Amino acid sequence: MRRPAPREIVVVGASLAGLRTAEALRAQGFTGTLTIVGAEPHLPYDRPPLSKQVLTAQPDPPGTALPLPAALDARWLLGRPAVGLDPTARTVLLSDGTLLRYDGLALATGSAARGTPAAL
Ligand SMILES: Cc1cc2nc3c(=O)[nH]c(=O)nc-3n(C[C@H](O)[C@H](O)[C@H](O)COP(=O)(O)OP(=O)(O)OC[C@H]3O[C@@H](n4cnc5c(N)ncnc54)[C@H](O)[C@@H]3O)c2cc1C
């Protein structure tokens, strides 16, 4: 039996991968509710210039904001990280207590280096 097409998709992580996921969903014809959750208070920005043009104070560093297509039609919930996931109930809990229901979920939270005691 075919599952019904998702009507509500939540993307956790509002950076490059989260943005590209949202763009791909719209490009492939997804017309339902698209919610993008970000831990940071900023809309997606390009990180490489932060360690190159901006920090090296080159004249006229390029803007770091990533272009947002008008057709994305996404709801941005920024500055409130996801802190809980219930795959059975299909809900994501945000740090401010907001509970988001989803039919489809994409995790685009990137990665962080883990230090080792030996490196100290
Ligand atoms: C200073 C710097 C310079 C770089 N230079 C280069 C370069 O020259 N060339 C190159 O190829 N790559 C470079 N990179 C790497 C490149 O920026 C990353 O590959 C790219 O940003 C990865 O995108 P991403 O969306 O997968 O993850 P990220 O950009 O790490 O985004 C993940 C997002 O998820 C959010 N998040 C995490 N947990 C949660 C949660 N629980 N709830 C909600 N949101 C959450 C984070 O706040 C973050 O905004 C650089 C990165 C940095 C930081």
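1. How far is an oxygen atom of the ligand from an N or O atom in the side chain of Arg47? In this predicted model, the separation between that ligand oxygen and the side-chain N or O atom of Arg47 is 3.2 Å.

2. Backbone atoms also take part in the ligand's surroundings: a polar backbone atom of Leu16 lies 3.3 Å from an oxygen atom of the ligand, while a nitrogen atom of the ligand is found 2.9 Å from a polar backbone atom of Ala82. Ala82 is also listed, together with Ser15, Ala17, Glu40 and Lys52, as coming nearest among the 18 residues around the ligand.

3. The largest pocket holds about 250 Å³ of space, and of the 19 residues that line this pocket, Gly13, Ala14, Ala39, Glu40 and Thr109 lie nearest its centre. The lining is made up of eleven nonpolar, six polar and two charged residues, with at least two residues supplied by each of α1 (16–27) and β2 (33–38).

4. Turning to the sheet, three strands form an open arrangement in the order β4-β5-β6, and their pairing is antiparallel. The edges are occupied by β4 (82–86) and β6 (99–101), each of which has a single partner strand, so one side of each is left without a neighbour in the sheet. Averaged over this sheet and with direction ignored, neighbouring strands are turned by 20 degrees against each other.

5. Within the sheet, strand β5 (residues 91–94) runs antiparallel to β6 and is joined to it by three bridges; Leu93 stands opposite Leu99, a residue of β6.

Conventions
Residues numbered from 1 in each chain as written. Predicted model: local features only at pLDDT ≥ 70, side-chain atom pairs only at ≥ 80, totals over all residues. Heavy atoms only, no water. 1 Å grid on protein atoms, 1.4 Å probe; cavity = no way out; pocket = protein on both sides within 12 Å on 5 of 7 lines; lining within 4 Å. Points joined across faces, edges and corners; volume = space filled by probe spheres on them. Helix = DSSP H or I, 4+ residues; strand = E, 2+ residues; numbered from the N terminus. Nonpolar A, V, L, I, M, F, W, Y, C, P; charged D, E, K, R; others polar. Pairing = 2+ DSSP bridges. Axes fitted to C-alpha atoms, helices over the stretch in contact; angles between N-to-C directions. Near = heavy atom within 4 Å. Polar contact = N/O pair within 3.5 Å; in protein donor to acceptor, adjacent residues only side chain to side chain.
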